[in-house]
Amino acid sequence: MKNILFALILLFSIVLGAQDLKYQPEREKINDLVHTKLKVDFNFEKSQLNGEAWVTLTPHFYAVSKVVLDAKSFNIHEVKVNDKKAGFNYSDDELTVELDKTYKKGEEYIVYVKYTAKPEEIKQKGSENITDAKGLYFIDPKEEDPNKPTQIWTQGETESNSCWFPTIDSPNQKTSQEIYMTVPNKYVTLSNGTLKSQTKNPNNTRTDYWKMDQKHAPYLVFMGVGEFSVVKDTWNGLEVNYYVEPEYASEAKAIFGNTPEMITYFSNITGVPYPWDKYSQIVVRDYVSGAMENTTAVVHAEDAQQKMGQLIDDNEWESTIAHELFHHWFGDLVTTESWANLTVNESFATYSVYLWFAHKYGKDKADANMYSDVQTYMTSQSEDKDLVRFYYMDREDMFDTVSYHKGNAILHMLRDVIGDEAFFEGMKTYLTTYKYGTAEAHQLRLIFEKVSGKDLNWFFNQWYYGSGHIKMNVTYDYNTINKTVTVNINQRGKSFKFPLSIDIYEESGKTTHNVWVDSAQNSFTFSFNKLPKLINIDAKHVLLAEIAVKKTLNEYIFQFNKAPHYLDRRLALEEIVKDQSNKEAFNTLLKAFNDPYYEIRIFALENIDLFQKYNKKEAIDKIVKMAQSDPKTLVKAAAISVLGKLVDPIYKPLFENGMNSESFAVTGQSLISLYQIDKQAALKKLNTLPEDNKKYMADAITTIYISEKDKTKLPFIANHLLKGMFLTEDKRTQQIYAEAFKWISESDNKEAITNLTNDFVKLGLQYKKYKFDQLGINMLNQLVYAQQQSKNSNKEALIIILKTGIAKLID
């Protein structure tokens with residue numbers, strides 16, 4: 001599963017006191033699932049499911065005379081074993097069935113259960129810390145909300161599918177399946193496997209029969225129901241379909257259209273052709289996370305649905321699409337045997353984004369994404385957590401930046417240690433050895449050792465079964481007489497063993513040295529002809545490390561110009577922008593305007609100081625050219641932003657032209673820049689924008705609405721306030737929305753207060769574990785206090801709305 005709100009979770013994580021951690025082993029296998037057959041229909045009035053289940057099982061090893069099935073919040077109507085009525089006990093969300101005889105290993109039996117599932121009565125945690133993980137979700141089932149479609153969808157990870165069908169709800173179980181879903185005729189259905197038949201019933205309903213012969217884990221079983229447009233694609237004769245709301249049908253292929261190419265690429269790099277019978281993706285409302293890798297039926301949150309104006313700038317969902325697809329090898333084909341080993345699913349899925357970006361867009365984009373993931377881990381205060389950990393309080397605690405982002409970086413290091421050929425051959429061998437089964441990190445190590453011939457205990461012991469990351473100070477001792485330089489590596493805190501690449505640059509070129517660090521303090525001496533211009537530590541940028549090394553401005557300038565890696569340029573620029581009064585530094589920043597990778601160009605634009613005396617006209621001329629013709633619309637928008645800050649009417653035609661762009665980023669930034677020099681012209685342009693497009697340019701429009709003090713626009717601002725305050729790293733944007741929060745808190749606008757309250761409640765409940773509910777309570781209390789102090793005539797009604805929201809968060 002991919003969670004897109006790690007930034008939000010990290011922002012509101014608090015450091016908890018010491019806890020008594022529990023040993024959490026793989027679940028004991030007494031009986032094994034063989035096959036699951038379900039017949040279900042839905043009670044939309046009660047948000048319940050009526051079901052019949054035929055569960056085929058066999059003893060794992062020892063003979064058995066009973067079986068225990070997970071069945072959360074059911075009404076059990078009837079139980080049979082091999083078509084004969086059976087005794088049973090149902091308590092504590094477990095159904096214990098007495099078998100008709102003692103069964104030995106290899107003998108199969110079928111348990112039939114007729115039941116009603118009541119998901120609204122369930123209280124438990126789910127994957128990625130979802131509160132109230134009900135397994136089965138009814139969205140506007142009574143069709144009461146005109147702005148929301150009626151839908152049904154399921155979410156099984158970690159162990160929530162037993163909220164709607166009886167099973168052994170554990171990742172170390174595998175089952176084939178068939179599902180008969182009876183729904184009103186107007187709805188489309190989706191499940192795992194192939195749609196075998198559709199049968200119309202006399203009561204204006206239809207029964208769809210879905211069947212999958214390959215085995216997968218119970219948490220990957222999925223059902224989706226709703227009014228979707230199904231946009232069809234193919235890969236090697238298999239169906240590749242995209243289920244979206246009708247409004248987004250024309251954009252579906254722009255959003256998901258790289259999927260067939262991804263399937264080809266992932267089949268090639270794993271050496272295992274896509275192993276399932278179709279690949280569908282569905283976008284649902286009010287989804288409880290980012291996306292989920294249900295086998296052949298991936299579900300995405302509604303943010304996946306984007307308009308062309310967004311997609312022209314960047315398909316922000318492409319990494320998630322790749323992540324969930326790669327799970328169909330790592331996670332679905334071979335599944336972690338326990339949640340303690342979750343990283344064998346999630347680290348590979350996260351690393352797939354690096355692989356895909358490098359393949360499709362080049363190494364710079366892949367390296368930029370890796371750097372972002374590493375920074376997410378570094379800021380998470382998770383140094384004390386092992387990658388594989390059997391001691392934790394709750395299985396949901398495993399869904400964190402260690403399992404995902406740190407695991408991603410560790411795989412990148414492992415690839416460097418054993419080499420590309422052995423790494424990808426190891427992936428293939430792991431997948432073919434354990435296909436349709438389960439595995440753990442020890443088995444992963446044994447496979448990579450078998451393929452490479454190398455002992456990897458040292459690597460797995462410190463990176464998989466250990467915590468933390470490398471922290472080192474680097475110093476240099478030059479001997480100009482002997483023409484040598486000694487590189488001193490001093491590790492801080494925990495000591496790691498690792499290979500280290502060191503590039504030494506002289507005027508004549510670069511010399512690469514690969515050394516082995518095996519203690520807290522290591523020194524390596526190298527000869528040179530002329531005093532080095534730069535010594536680049538971890539030149540390949542593969543280490544999960546904090547490296548402290550002093551460099552001069554000239555060294556950073558040299559690094560930007562000569563060192564090849566994205567991070568060489570990015571990290572050098574971060575230092576260069578601090579000293580733009582230096583002419584060479586400023587000129588280097590101008591050079592960054594021509595960098596082949598767009599994020600470097602944006603960084604240079606966002607940090608340039610046009611009040612320097614050097615080459616100001618040259619800089620502005622370059623920025624104008626970028627605003628007009630840069631191939632990347634996000635760079636155009638950044639350039640327009642810089643020109644807008646000059647508040648010069650000469651650029652008005654450029655801004656007005658930008659308002660005609662298909663790009664929402666360019667349009668939004670042109671609007672703000674135009675507003676800074678001609679308010680009336682900007683407002684006129686704003687009023688001509690299609691209403692549906694305005695929400696995609698919320699930051700720009702909110703800035704103008706706040707400046708105009710237009711109270712009629714408060715509901716619009718409120719709808720985007722939480723994202724603007726908490727889901728961006730841009731300080732200016734945060735400041736804008738902080739001002740908006742104060743404005744709304746003192747207003748008498750009922751719609752705005754209601755919108756803001758509902759957003760706090762939604763996110764507060766979804767991320768309760770990370771204390772977002774407490775943040776919501778605190779901020780809603782601030783709104784209550786502001787209303788109490790106000791002279792608003794309707795303040796009592798507004799306070800009731802706010803206090804109702806607070807009560808929902810407290811409950």
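Let's start with helix α23, which covers residues 714-726: at 1.5 Å a residue, its 13 residues should span 18 Å, and the end C-alpha atoms are indeed 18 Å apart, so the two values agree. Keep in mind that this is a predicted model. From that helix we'll move on to the nonpolar core and then to a loop residue, D630.

**Helix α23**
- The helix has a kink of about 50°, and H720 is at its centre.
- Of the 13 residues in α23, 11 are buried, so the rest of the structure largely encloses this helix.
- Among those buried residues are L714, P715, F716 and I717, and H720, where the kink is centred, is buried too.
- Further along α23, L721, L722, G724, M725 and F726 are also buried.

**The nonpolar core**
- Nonpolar side chains tend to be buried together in soluble globular proteins.
- Here, the largest nonpolar core has 254 residues.
- Which residues have the most contacts inside this core? They are F42, Y115 and Y464.
- Setting aside neighbours within four places in sequence, F42 is in contact with residues including L49, L136, F138 and I152.
- The contacts of F42 also include Q48 and T182, along with V183, M223 and V225.

**D630, a loop residue**
- You'll find D630 in the loop between α16 (616-629) and α17 (633-644).
- Is D630 buried or exposed? It has a relative accessible area of 9%, and under 20% counts as buried, so D630 is buried.
- The side chains of D630 and R601 make a polar contact at 2.9 Å.
- Not counting residues up to four places away in sequence, D630 touches R601, K625, V635 and K636.

Conventions. Residues numbered from 1 in each chain as written. Predicted model: local features only at pLDDT ≥ 70, side-chain atom pairs only at ≥ 80, totals over all residues. Heavy atoms only, no water. Helix = DSSP H or I, 4+ residues; strand = E, 2+ residues; numbered from the N terminus. Expected span 1.5 Å × (residues − 1). Bend = angle between axes of the 7 residues up to and from the residue. Buried < 20%, exposed > 50% of the residue type's maximum accessible area, 1.4 Å probe, protein only. Core = buried A, V, L, I, M, F, W, Y, C linked by side-chain atoms within 4.5 Å. Contact = heavy atoms within 4.5 Å. Polar contact = N/O pair within 3.5 Å; in protein donor to acceptor, adjacent residues only side chain to side chain.
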